[in-house]
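Please load the model in your viewer and display the side chains. The tour proceeds by selection, beginning with nonpolar contacts and continuing with charged pairs.

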Amino acid sequence: MSLYTKIADIILEKIKSGEWAPGYMLPSEKELCQQFEVSRPTVRSALSMLVNQGYVIRIKGKGSFVSRPRVMEDTTIFIESFSKEMRARGMEIETEVLEQRVISADEDVASHLGIKVGDEVFKLSRLRYVKDSFDRGPIVYNITYIPSRYIFLQKENFEKESLTSIYKRNRLERRHLRKTISAVFITNRLARILGVDDGSLGILIQSISFLEDRDQVVEYTLSYYPSDRNTFILQMSV
């Protein structure tokens, strides 16, 4: 077990025991460094893990806080592959790649991937259309960030092959996924990309994918769905 994972577990125990209640402001990174006698990157990795797991939120300029619990049905089933789900509905998907390059991770991307701000990541932006329905506009806009250890994937053709099949071909099996669904307003550049009116209602699904080792994040994706082009069905066991 890595050092930052051990620190995250200690913090998590304080949260689960109620010692650090929802809304509690965690000690600063400097204070945690002194408490655990570790470097700042180690503390940041521990906090990023807790942010990814939904136990901690970060507010720029203020600090890190214990998040308030959200109600979620743990029986909900999400189909892993978007293309697979569309095929199950009898629809074929066409992909348009808008961006495929290496960039430096900003604070949001770094916190979700468990890396340092400024680290290299592979960014992949794609529009997905129902085949032969290009005139109706895309049904989803995906922005995916992949850690530097998988940057070799940037050479792949993502218009001809799905990300899921490319992972499998490169022996990168996503075993665990965490998805968060939010209602958002689609504005400015995003509205223009999706071809909707500025201020239109949409659905944002943020997903983090892990390999067999839940500490190893392989992907962080933001998926924007125009609400007038999509219907979501949640399958649950009762």
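Which residues does Y224 touch, not counting residues up to four places away in sequence? In this predicted model, select Y224 and display its contacts: I139, V140, Y141, I143, V184, L190, L194, I203 and L204.

Next, widen the selection to the largest nonpolar core, which has 26 residues. Y224 is among the members that touch the most others, together with L113, V121, Y141, Y145 and L194. To trace the elements that give two or more residues to this core, colour helices α5 (107–113) and α7 (188–194), then strands β4 (120–130), β5 (140–147), β6 (176–186), β7 (200–210) and β8 (217–226). A second core, separate from this one, comprises 19 residues, including W20, L47, L50 and V56.

Turn now to the charged side chains, where the structure holds eight salt bridges. Select R174 and E219, whose closest N and O atoms are 3.1 Å apart. R174 lies in the loop between α6 (163–169) and β6, and E219 in strand β8, so this salt bridge ties together parts 45 residues apart in sequence. Both R174 and E219 are buried.

Proceed to R40 and E29, which form a salt bridge at 3.7 Å, N to O. R40 belongs to helix α3 (residues 40–52) and E29 to helix α2 (residues 29–36). R40 is partly exposed at 36% relative accessibility, and E29 is also partly exposed, at 22%. Add R44 to the selection to display a network of salt bridges linking E29, R40 and R44.

Finally, select R101 and E99, a salt bridge with its closest N and O atoms 2.5 Å apart. R101 is partly exposed, with a relative accessible area of 43%, whereas E99 is buried at 14%.

Methods: Residues are numbered from 1 along each chain as its sequence is written. This is a predicted model: local features need pLDDT of at least 70, side-chain atom pairs count only at pLDDT 80 or more; totals for chains, interfaces and linings use all residues. Side-chain values use heavy atoms; hydrogens and water are left out. A nonpolar core is a set of buried Ala, Val, Leu, Ile, Met, Phe, Trp, Tyr and Cys residues joined through side-chain atoms within 4.5 Å. Buried means under 20% relative accessible area, exposed over 50%, partly exposed in between (1.4 Å probe, protein chains only). Helices (H or I, at least four residues) and strands (E, at least two) are DSSP runs, numbered from the N terminus. Contact means heavy atoms within 4.5 Å. A salt bridge is a side-chain nitrogen of Lys or Arg within 4 Å of a carboxyl oxygen of Asp or Glu.
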